[in-house]
Amino acid sequence: MTINGGYISNDTSVAVYADGYSDYGTYTCNVTVTNGTIDGGLWYNGRTTTEGKNITVSGGNFIAGTNGALTIRNVPNTAVISGGTFQGAVSIPAGVKAISGGTFSAAVPADNCALGYLPAENADGTYGVMVDPAYGKLAMIGDTYYEAVSDALADAKNKGMTLEE
């Protein structure tokens with residue numbers, strides 16, 4: 001399923017329900033949202049599907065319904081939340097490192113931040129994520145991170161620092 005614009009609404013249940021459940025075999029449950037408004041939230045459930053459990057959100061406006069703005073159940077093969085505006089609860093299984101962008105009405109759990117990202121509070125009172133300044137760095141002197149230990153040592157030497165074991 002791909003949603004790339006428009007307005008989807010449901011005031012009595014979830015607006016978009018994607019479920020990979022099957023009693024008869026393995027089915028895929030792939031969802032991509034790039035734009036549009038989902039008023040009533042999106043519920044994604046990969047269930048028994050062993051392949052093709054993927055959800056990607058790079059944009060759109062998600063307004064909470066009976067189960068929140070975005071609910072992901074069961075661990076998907078791939079979950080990428082790189083954009084979008086989420087007004088209401090977002091529920092993602094613990095340890096699923098999905099969120100690298102977007103604007104949220106509640107704090108993003110650190111456990112759901114993509115690798116290299118940290119939770120952040122935005123200036124307008126909303127929440128999101130920021131790049132972790134320490135990610136991929138091997139050394140730190142004071143508040144400065146370095147990608148290579150040799151760079152840290154060279155900088156320390158240039159600043160006249162003495163390094164001891």
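Ala98 sits in the loop between β10 and β11, the latter covering 103-104. I'm starting there, everyone, and please keep in mind that what you see above is a predicted model. So, is Ala98 buried or exposed? Its relative accessibility is 2%, which is under the 20% cut-off, so Ala98 counts as buried.

Who are its neighbours? Setting aside residues within four places in sequence, Ala98 is in contact with Ala79, Val80 and Ile81, and also with Asn112, Cys113 and Ala114. For a sense of distance, take Gly60, which is 38 residues from Ala98 along the chain: the two C-alpha atoms are separated by 16 Å.

One of those contacts, Cys113, leads to a topic that bench people like to ask about. Cys113 is itself buried, with a relative accessible area of 3%. Cys29 is buried too, at 5%. As a reminder, a disulfide covalently links the sulfur atoms of two cysteines. How many disulfides does a search of the whole structure find? Zero.

Let's stay around residue 29 for a moment, and move into strand β3, which runs over residues 29-39 and holds Thr37. Val31 lies in β3 as well. With a relative accessible area of 2%, Val31 is buried. Its contacts beyond four places in sequence include Ala18, Leu42 and Tyr44, along with Asn54, Ile55 and Thr56. Met1 is on that list too. Val31 and Met1 are 30 residues apart along the chain, and their C-alpha atoms are separated by 4.9 Å.

Now to Thr37, in that strand. Thr37 has 18% relative accessibility, and because the limit for buried is under 20%, it counts as buried. Leaving out residues up to four places away, Thr37 touches Gly6, Tyr7 and Ile8, and it also touches Asn61 and Ile63.

Next, please find Val90. Its place is in strand β10, residues 90-91. How does Val90 rate for exposure, then? Its relative accessible area is 26%, so Val90 is partly exposed: that class lies between the 20% and 50% limits. Not counting residues up to four places away, Val90 touches Leu70 and Phe104. Ile55, which we met as a contact of Val31, is 35 residues from Val90 along the chain, with 14 Å between their C-alpha atoms.

My last residue is Leu138. Where is it? Look in the loop between β13, residues 127-131, and β14, residues 139-141. Leu138 has 64% relative accessibility and counts as exposed, because the threshold for that is over 50%. Leu138 still has contacts beyond four places in sequence, namely Tyr146, Glu147 and Val149. From Leu138 to Ala110 there are 28 residues in sequence and 21 Å in space, C-alpha to C-alpha.

Let's zoom out to the whole chain. What is it built from? One helix and 15 strands. A compact globule of 165 residues would have a radius of gyration near 15 Å, whereas the protein chain has 20 Å. Along the principal axes, the C-alpha atoms fill a box of roughly 65 × 40 × 25 Å.

What share of the 165 residues is buried? The figure is 36%. If you look at contacts between residues at least 6 apart in sequence, 43% of them join residues at least 24 apart. As for the surface, the protein chain exposes about 9,000 Å², and carbon and sulfur atoms supply 49% of that.

One more thing, for anyone thinking about charge. The protein chain has 7 positive side chains and 15 negative ones. How far apart are the centres of the two sets? They lie 4 Å apart.

To recap the residues on our tour: Ala98 is buried in its loop setting, Val31 and Thr37 are buried in β3, Val90 in β10 is partly exposed, and Leu138 is exposed. Thanks for listening, and I'm happy to take questions.

How values were computed
Residues are numbered from 1 along each chain as its sequence is written. This is a predicted model: local features need pLDDT of at least 70, side-chain atom pairs count only at pLDDT 80 or more; totals for chains, interfaces and linings use all residues. Side-chain values use heavy atoms; hydrogens and water are left out. Helices (H or I, at least four residues) and strands (E, at least two) are DSSP runs, numbered from the N terminus. The radius of gyration is taken over C-alpha atoms; the globule rule is 2.2 Å times the number of residues to the power 0.38. Buried means under 20% relative accessible area, exposed over 50%, partly exposed in between (1.4 Å probe, protein chains only). Contact means heavy atoms within 4.5 Å. Accessible areas come from the Shrake-Rupley method with a 1.4 Å probe; for residues, only the protein chains shown count as cover. Lys and Arg count as positive and Asp and Glu as negative; His and the chain ends are not counted. The place of a charge is taken as NZ of Lys, CZ of Arg, CG of Asp or CD of Glu. A disulfide is a pair of cysteine sulfur atoms within 2.5 Å.
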